[in-house]
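Please open the structure in a viewer and keep the sequence at hand. The tour below proposes one selection after another and describes what is found at each stop.

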Amino acid sequence: MTDTLAQRLRLDLTSAAYSVSTLTALWGDEAEAALHRNQRVPALRQLARQPATPAATLARLFVLGSDVSRAEFDRAVPTLGIEGAEELELVTAAGDRIRPLRDLRPYSFVDADGACSWWIVSDLGELARPGALAEDHVLGVGGASLSLAGLMVQRPVDSVLDIGTGCGIQALHASRHAQRVVATDISRRALAMAQLNAELNAVTNIEFRLGSLFEPVAGEWFDQIVSNPPFVITPRRPGVPAYEYRDGGLVGDEIVRSVIVGAARHLTLGGTVQMLANWEYHAGTSGRDRVGAWLREDAAGTLDSWVIEREVQSPDEYAETWIRDGGTREGTERFDELYAAWLDDFEQRGVRSVGFGYVYLRRRDTASIPWNRHERLLSAQGHNEAGLGVHIAACVAAHDAQSHLTDEALTGATLVVTGDITFEQHYWPGSDDPTAIILRQGGGFGRSVPLDTALAALIGACDGELAVGAIIGALSQLLDVDEPGLQRQLLPRVRDLVDDGILTLPGH
């Protein structure tokens, strides 16, 4: 694997116009939707009705996992050639047929810097190779990868650490706003593919290091740490496969604890962490309580935290999810064996359920006001074209601003409702007054906030003209209530709405 081979492949992929839009146009929206359900037949049928263009040949080979003829491959990849593709371990040749060894597909996205597209190499997935995955399988861009990429705060920084880089997708995203990126993994195969992906996409500011967690960066500091760690809770017993891409080799959720506790020793002042995580629920202890306990292990108490729980699964649901993820089919004897092993492990360790979510951390100055926000948001998030990280960064900045305002200063501020906010009002038949008022957030986390009459009226009047105190004064007269009491009632809610990105302060 050399720069020259990667450059040759890039020329061929560019010449073939091998892109997301090209492939969707080749097989259509319905076949595209079927692919997301791991069904390739509709796409194969559509391609069979069309000429074998270079893009169609590449799609059949590397996305759908079908053999192609040597002549078709030569036309699709003339610069790299079969020998170069074999040296990159992308294909193997058998007579006139070329068989794929890797998945190679286009990937496009929009972030704070605009639209971008790459090509990503990984191991063949379940769509192209049935059966259980190899334990050293290198995963491509999946749902979790997309979640973390969207979660990443994209402020310009000097240095980013990507822990457990896998195929390198998070390091590539970080390379767009960082001067330098260090990407680590315990898998040599993963690092080799990640390095190929960087070379293939002409990204030159990533350094790849072999090792577990923070071991390869001992004594180093970073402005940002991102991680989709191998957090899947796997029974530690013979016969249960330990997939490198998802299993950190520790018991329960210990891998997540290790990342959170270790982060404080590697963050610069103001440095942040964005990561995905699982946490266990035990009798009398919630998953978010466990995360809080891990944060308290930072003896200096320098980490602010925002922990967002997005899903909670029972042991049964969790076991089913991850056994299927490994390629073992339901209804088989092997599936049942693994299912029993998972449930035995959870029962023996007293695990009642497992939470999944996002963790945002920040190393603050010891003189700053501590901030720890732990919440559960199980509903679907809103629309965030440039990623959820843009919303998170805005919310953190808004919190910092409002937390330094006294109540008196806050009442003198003029606030504005963000443009993605709508109200719903519900009425009993024949009633003139609403029985429920619900605020809906179109972007961000797509929050639904129940409102009383006073808070709904205050929000409705926040157009940047009147100060909060003036609005509350007018409402106290309209509702015939005590103004100081109404202020005490509403100001904490106003602060919450600022934190949520629903109300904005001047300059934010």
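Select R105 first, and display the residues around it. Apart from neighbours within four places in sequence, R105 is in contact with Y18, V63, W118, W119 and I120. The model is a predicted one, and each stop should be read accordingly. R105 belongs to strand β4 and is partly exposed, with a relative accessible area of 32%. Its side chain joins that of D103 in a polar contact of 2.7 Å. Now add the C-alpha atoms of R105 and Y18: they are separated by 8.1 Å, although the two positions lie 87 residues apart along the chain.

**The nonpolar cores**

Keep Y18 selected and add W27, F62, F73, L104 and I206. These are the residues with the most contacts inside the largest nonpolar core, which has 65 residues. In soluble globular proteins, nonpolar side chains tend to be buried together.

Centre the view on I206. With neighbours within four places in sequence set aside, I206 is in contact with A171, L172, S175, V181, A183 and A198. A second core, separate from that one, has 59 residues, including L151, V182, W342 and C395.

**Helix α7 and its surroundings**

L151 leads to the next selection, helix α7, which covers residues 143-151. Colour S145, L148, A149, G150 and L151, which are buried in this helix. Against which elements do the buried residues of α7 pack? They pack against strands and helices from several parts of the chain: β4 (102-111), α8 (169-174), β9 (222-227), β10, β12 (351-363) and α14 (388-403).

**A buried glutamine in β10**

From α7, move to strand β10 (residues 267-282) and select Q274. Is Q274 buried or exposed? Q274 counts as buried because its relative accessible area is 1%, where the limit for buried is under 20%. Two polar neighbours deserve a distance label. The side chains of Q274 and Q224 make a polar contact of 2.6 Å, and a polar atom of the Q274 side chain lies 3.2 Å from the backbone nitrogen of V153. Beyond neighbours within four places in sequence, the contacts of Q274 include L148, L151, M152, I225, V226, S227, V359 and Y360.

**Salt bridges**

The whole structure holds 30 salt bridges. Begin with R246 and D325, whose side chains meet with an N to O distance of 2.8 Å. This pair links distant parts of the chain, 79 residues apart: R246 is in the loop between β9 and α10 (254-263), while D325 is in helix α12 (residues 315-325). R246 is buried, at 4% relative accessible area, whereas D325 is partly exposed, at 28%.

Select E375 next, together with R373 and R447. The salt bridge between R373 and E375 has an N to O distance of 3.3 Å. E375 also forms a salt bridge with R447, with the closest N and O atoms 2.9 Å apart. E375 lies in strand β13 (residues 372-376) and R447 in the loop between β16 (436-441) and β17 (448-451), so their pairing ties together parts that are 72 residues apart in sequence. R373 and E375 are both buried, and R447 is buried as well, at 9% relative accessibility. For E375 the relative accessible area is 12%.

To complete this stop, display E89, R102, D123, D136 and R189, which are linked in a network of salt bridges.

**Loops with a positive phi**

Turn to the loop between α2 (20-36) and α3 (41-48) and select N38. N38 is a residue other than glycine, yet its phi is positive, near 65°. N38 is partly exposed, with a relative accessible area of 44%.

Then go to the loop between α17 and α18, where D480 is found. D480 is not a glycine either, and its phi is positive, at about 60°. D480 is exposed, with a relative accessible area of 70%.

**A nonpolar surface patch**

For the last selection, stay in this loop, which runs between α17 (468-479) and α18 (483-499), and choose V481. V481 is partly exposed, with a relative accessible area of 37%. Add L478 and L479 and show the surface: with V481, these residues make a nonpolar patch of about 270 Å².

Key
Residues numbered from 1 in each chain as written. Predicted model: local features only at pLDDT ≥ 70, side-chain atom pairs only at ≥ 80, totals over all residues. Heavy atoms only, no water. Core = buried A, V, L, I, M, F, W, Y, C linked by side-chain atoms within 4.5 Å. Buried < 20%, exposed > 50% of the residue type's maximum accessible area, 1.4 Å probe, protein only. Contact = heavy atoms within 4.5 Å. Patch = residues over 30% accessible without salt bridge, like charges linked within 9 Å, V, L, I, M, F, W, Y side chains within 5 Å. Areas by Shrake-Rupley, 256 points an atom, 1.4 Å probe, with all protein chains shown as cover. Salt bridge = Lys/Arg side-chain N within 4 Å of Asp/Glu carboxyl O. Helix = DSSP H or I, 4+ residues; strand = E, 2+ residues; numbered from the N terminus. Polar contact = N/O pair within 3.5 Å; in protein donor to acceptor, adjacent residues only side chain to side chain.
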